[in-house]
Amino acid sequence: MSMRKLFKALSPARIIALGFALVILLGSVLLILPCSVRDGVELKYIDSLYTSTSAVCVTGLIAVDAGDTFTPLGQFFLGALIQVGGLGVTAVGAGIILAMGKKMDMKSRTLMKEAMNLDSGKGIVKFVKSIFLTTVTFELIGALLSFTVFVQDYPLPKAIGISLFHSVAAFNNSGFDILGNLQNLIPYRDNVMLNLVTCGLIFFGGIGFLVIREMWQKRLNWKRFSMHTKIVLSVSGILIVTGTVLIKLTEDVTWLGAFFHSVSARTAGFSTYPLGTFSNSGLLVLTALMFIGASPGSTGGGIKTSTFFALLQGIKAAATNKSEKAFRYAIPKDAFKKAAVVTLLALGVVTMGTYLFTILEPDVGLMDALFEITSAFGTVGLSTGITPGLGVGAKLLSILTMYIGRLGPLTVASLWYFSRGERVSFPEGNIAIG
């Protein structure tokens with residue numbers, strides 16, 4: 001079977017999964033090249049594979065420090081992997097097709113629709129162009145604003161490189177940095193400018209391209225927004241405020257630090273305080289935020305804000321015996337069912353991952369293990385500091401968890417499903433619930 005026929009035979013979910021896997025493998029090879037690794041630094045392939053997976057899955061968990069390990073070329077490769085992972089392999093492929101002056105066929109349009117959670121295939125070409133334009137605009141603005149901070153501490157060429165890398169990592173909700181010494185943004189914990197710029201990039205990268213486009217087209221007119229946009233913005237705002245207050249109550253951090261970590265925990269992974277010093281209650285708050293994550297069609301992971309909202313509304317409707325509705329709209333009847341399936345699958349991945357992690361790393365505490373696995377699943381990148389010291393087995397487990405988190409548990413569950421139609425029907429039985 002030729003590659004063309006094989007491509008047509010595969011389902012959209014399988015093509016997307018295969019595309020991410022191939023980019024990860026390619027990235028692991030690029031990062032381990034002699035030109036990518038600094039002189040005197042030994043990089044094992046498992047660490048190269050781990051770093052590539054973390055970049056493509058826009059996670060930010062690090063087995064080796066990017067600033068101390070990779071050359072400028074290696075850091076460029078890392079930034080490119082983050083960009084591809086954030087936009088999505090499908091969107092990048094569609095962009096290349098359009099850049100070559102070719103038309104997108106029906107298979108490509110279906111892939112794009114699946115990858116970006118679109119309702120229909122109409123206006124796909126225009127949407128792809130808007131994705132790239134939006135990404136470039138936000139990242140350039142973010143780089144310029146970040147440059148005003150980094151240029152005070154680094155030579156001009158290095159400040160430009162750090163600013164561009166940081167902006168790409170922040171907008172794509174990936175917690176990588178190239179500052180060195182495993183310090184992340186801790187030296188800038190009190191820099192209001194960099195904190196707010198980073199939070200802004202994380203927020204807009206995490207609400208999704210559909211929401212950004214609608215906010216622009218409807219001139220920030222709340223009344224004209226769709227139900228989806230209102231849900232995404234409302235839930236995102238509530239989670240940020242709630243997370244800020246809870247973190248401030250449990251940890252000895254400033255309000256700026258609490259706000260930053262509340263935003264960052266929603267799949268970005270930057271930190272301005274060492275999380276190894278956080279209490280279990282603070283880590284639990286961050287774990288919940290990481291599990292919920294960003295929004296559909298965004299650069300972030302997690303079960304998504306809309307899923308969390310549909311789940312709560314479904315529970316509320318069942319408890320009060322009222323219909324599910326929000327913002328003067330009726331919520332689709334199958335929304336709660338899908339949200340429940342996604343959440344249960346996600347809980348299953350996190351629970352099983354934590355169980356296996358504690359077996360592979362018996363010296364790691366349960367809270368640290370849960371935090372690490374949730375961070376990997378939510379493609380966040382926050383860690384209590386245990387990542388570099390993990391064994392090969394735990395790293396492979398984390399790689400698999402990041403991959404599942406980037407694709408989505410429902411997508412992964414459907415990879416081996418073949419629909420043949422139901423030929424036999426059964427009489428409805430009875431089951432006691434609750």
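1. Let me start with two helices that caught my eye in this predicted model. Helices α8 (124-150) and α9 (156-171) each supply at least two residues of a nonpolar patch. The patch is on the surface, covers about 500 Å², and is made by Val-136, Leu-140, Val-151, Leu-156, Ile-160 and Leu-164. Of the contributing elements, α9 gives the most, with three residues.

2. If you would like one patch residue to click on, try Leu-140, which lies in helix α8. Is Leu-140 buried, exposed or partly exposed? Its relative accessible area is 49%, and because the class "exposed" is kept for values over 50%, Leu-140 counts as partly exposed.

3. Next, a step back to the whole chain. You will find 19 helices and two strands in it. The chain has 434 residues, and 53% of them count as buried. Its exposed surface comes to about 21,100 Å², with carbon and sulfur atoms supplying 66% of that area.

4. How do the parts of the chain meet? Take the contacts between residues at least 6 apart in sequence: 69% of these join residues at least 24 apart.

5. Arg-213 gives a nice local example to look at. This residue lies in helix α11, which spans residues 209-217. Leaving aside residues up to four places away in sequence, Arg-213 touches Phe-127 and Ser-130. Ile-131 is 82 residues away from Arg-213 along the chain, yet the C-alpha atoms of the two are separated by 8.7 Å.

6. And how open is Arg-213 itself? The relative accessible area of Arg-213 is 27%. Buried would require a value under 20% and exposed one over 50%, so Arg-213 is partly exposed.

7. Now for the space inside. Rolling a probe the size of a water molecule over the atoms shows where empty space is left. In this structure there are three cavities of 30 Å³ or more, and the largest cavity holds about 60 Å³ of space.

8. Which residues line the largest cavity? The lining is made up of Asn-173, Ile-202, Phe-203, Gly-206, Ile-207, Ser-236, Ile-240, Val-263, Arg-266 and Ala-294. Helices α10 (192-207) and α12 (227-250) each supply at least two of these lining residues. The largest share, four residues, comes from α10.

Terms used: Residues are numbered from 1 along each chain as its sequence is written. This is a predicted model: local features need pLDDT of at least 70, side-chain atom pairs count only at pLDDT 80 or more; totals for chains, interfaces and linings use all residues. Side-chain values use heavy atoms; hydrogens and water are left out. Buried means under 20% relative accessible area, exposed over 50%, partly exposed in between (1.4 Å probe, protein chains only). Contact means heavy atoms within 4.5 Å. Accessible areas come from the Shrake-Rupley method with a 1.4 Å probe; for residues, only the protein chains shown count as cover. Patches are made of residues with over 30% relative accessible area and no salt bridge: like charges are joined within 9 Å, nonpolar side chains (Val, Leu, Ile, Met, Phe, Trp, Tyr) within 5 Å. A salt bridge is a side-chain nitrogen of Lys or Arg within 4 Å of a carboxyl oxygen of Asp or Glu. On a 1 Å grid over the protein atoms alone, a cavity is a set of points where a 1.4 Å probe fits but cannot get out, and a pocket is an open set with protein on both sides within 12 Å along at least five of seven lines; lining residues have an atom within 4 Å of a point. Grid points are joined across faces, edges and corners, and a volume is the space filled by probe spheres set on the points.
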